[in-house]
Amino acid sequence: MVRSISHNAGAVYRRFLKPLLFRQRPDAVHSRMLKLAAVYQKFPAAIRTISRILVYRNDALLKQTVNGITFRNPVGLSAGFDKNIELLPTMQSVGYGFMTGGSVTYQPCDGNPRPWFYRLPKSKSLIVNVGLANQGVERIRQRITSYEEKWLAEFPLIVSIAKTNSPENCNDNEAIADYIGSLEVVRNEKHIAAYELNISCPNAYGGEPFTTPKRLDKLLTAVDALSLTKPVWIKMPINLAWRDFNSLLQVILKHHMTTVVIGNLNKQRLGKQLQDAIPVGTKGNLSGLPTQKLSDELIAKTYQKYHGKLIIVGVGGIFSAKDAYRKICLGASLVGLVTGMIFEGPQLIGQINEELTELLVKDGFRNISEAIGSNNQ
Ligand SMILES: Cc1cc2nc3c(=O)[nH]c(=O)nc-3n(C[C@H](O)[C@H](O)[C@H](O)COP(=O)(O)O)c2cc1C
């Protein structure tokens, strides 16, 4: 029943809504979608109706505890879609098991000059050049506090934190003080389940800030000194060779942090997945399908070497249950997506969850936790 509704909703999205949306500039669509969702979530009856249609729930198979946090299902919204954490009820009502809001920075930030997005339809990708636009951590903290308890009871909120994107903030000490300032603002916020340190945003002044072992060590030493009581996830870059990626993992382990999100946007515009021409001068980095293989490979290697020591959140190029399941069987405990929802529609989340249960049953697993790393022993 749920399946036929969400499949029909998917067909409607792909046949009617997507062609309409994809005719408009992506920046305009993004802004309109945020505004529409903000209006939609003011109406409890609308939220209830959409939840009834789109949420797929199967606690026996999909619910698990990771990092001490209970997740009703393993599919989360990855960072970047809801930068100001305005859409928590909407994201819950389309069936996500958790959401990562932000990236949030200490100072409010306008981001890079527009356009922020360029669509690559054949490559199932977006070129993203937002540059960490957000309202700043204090304003966003107040918004988080204002959410009613019911929205967060079974819906973990992860807050992604980056350094303020400004030319004055490229020096390491200032950048570290910026991350720490943000963490201090939100450290006692009871509605937040975990923090995600975005060390790998490629679209900001100074480039990726903390993706060398020495600089990462310095940042994490400062984070350790805060003695935070909630888990800290680290959002990893995906364009590093395994040797360099592994050096970062070793730094992370030294600081007793246990969760890595693999990973961020693809900085390289090469590879057979790239099937659209990109106009000269288009700035930004690739999401979606061009991130998929890099993310899968790094998940597999990380699990092989650090399984039992590091928890993996698999992000990059998830467009179907098979994509999510592959990442889980390679070693991801949870998965996240952004581009899949934009290309396939919001019903994708429930559809992935429902089809995941079928894949789990087919392979003889009683719970998602048994499938983690099962294809990577
Ligand atoms: C529109 C957009 C904005 C993004 N902004 C952020 C961000 O602020 N912080 C971050 O850590 N990642 C950001 N990302 C990266 C995504 O979280 C994700 O790592 C990447 O897009 C790969 O996942 P996907 O293929 O499902 O989109 C953004 C991605 C997109 C598409």
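A residue is called buried here when its relative accessible area is under 20%, and I would like to begin with that cut-off because I will lean on it several times. Please also keep in mind that what you see above is a predicted model.

Let me start with I312, which sits in strand 12, the stretch covering residues 311-315. The relative accessible area of I312 is 1%, which is under the 20% limit, and therefore I312 counts as buried. What is I312 in contact with, once we leave aside its neighbours within four places in sequence? The partners are V260, I262, I299, T302, Y303, G331, A332, S333 and L334. As a point of orientation, I312 and L219 are 93 residues apart in sequence, and their C-alpha atoms are 21 Å apart in space. Strand 12 as a whole is mostly covered, with 4 of its 5 residues buried.

From strand 12 we can move to the strands that pair with it. Strand 10 and strand 12 run parallel and are joined by 4 bridges, and within that pairing V261 has V313 as its bridge partner in strand 12. On the other hand, V313 also has a bridge partner in strand 13, namely L334, and strand 12 is linked to strand 13, residues 334-337, by 3 bridges in the parallel sense.

Now let us stay with strand 10 for a moment, which spans residues 259-262. Are the faces of strand 10 covered or uncovered? Both are covered, since T259 and V261 on one side are buried, and so are V260 and I262 on the other. Strand 10 also pairs with strand 9, residues 232-236, through 4 bridges in the parallel sense, and there M236 finds its bridge partner in I262. You may recall that I262 is also among the residues in contact with I312.

I turn next to a separate piece of the fold, an open sheet of 3 strands in the order 5-6-11, with antiparallel pairing. Its edge strands are strand 5, residues 117-120, and strand 11, residues 285-286, each of which pairs on one side only. Strand 5 and strand 6 are paired by 4 bridges in the antiparallel sense, and F117 has V128 as its bridge partner in strand 6. The hairpin that these two strands make has 4 residues between the strands, and in this hairpin K124 takes a positive phi near 50 degrees. Strand 6, residues 125-128, is in turn joined to strand 11 by 2 bridges, again antiparallel, and V128 stands opposite N285 there. As for the side chains of strand 6, S125 and I127 point one way while L126 and V128 point the other way, and all of them are buried.

A further residue that I would like to show you is D172, which lies in helix 8, residues 172-186. Is D172 buried or exposed? Its relative accessibility is 18%, and because the limit for buried is 20%, D172 falls on the buried side. Apart from its neighbours within four places in sequence, D172 is in contact with F210, R215 and K218, and with R215 in particular there is a polar contact of 2.7 Å between the two side chains.

Finally, we come to the ligand, which has 21 residues around it, and of these S78, A79, S103, G288 and T339 come nearest. What classes of residue make up this shell? There are 12 polar, 7 nonpolar and 2 charged residues in it. Looking at individual atoms, a polar side-chain atom of T339 lies 2.5 Å from an oxygen atom of the ligand. A polar backbone atom of G317 is 2.9 Å from an oxygen atom of the ligand, and for V338 a backbone N or O atom lies 2.9 Å from a ligand oxygen. Taken on its own the ligand has 600 Å² of accessible area, and the protein covers 98% of that.

To close, I would suggest going back to the model with two places in mind: I312, buried in strand 12, and the ligand with the 21 residues around it.

Technical notes:
Residues numbered from 1 in each chain as written. Predicted model: local features only at pLDDT ≥ 70, side-chain atom pairs only at ≥ 80, totals over all residues. Heavy atoms only, no water. Near = heavy atom within 4 Å. Polar contact = N/O pair within 3.5 Å; in protein donor to acceptor, adjacent residues only side chain to side chain. Areas by Shrake-Rupley, 256 points an atom, 1.4 Å probe, with all protein chains shown as cover. Nonpolar A, V, L, I, M, F, W, Y, C, P; charged D, E, K, R; others polar. Pairing = 2+ DSSP bridges. Buried < 20%, exposed > 50% of the residue type's maximum accessible area, 1.4 Å probe, protein only. Contact = heavy atoms within 4.5 Å.
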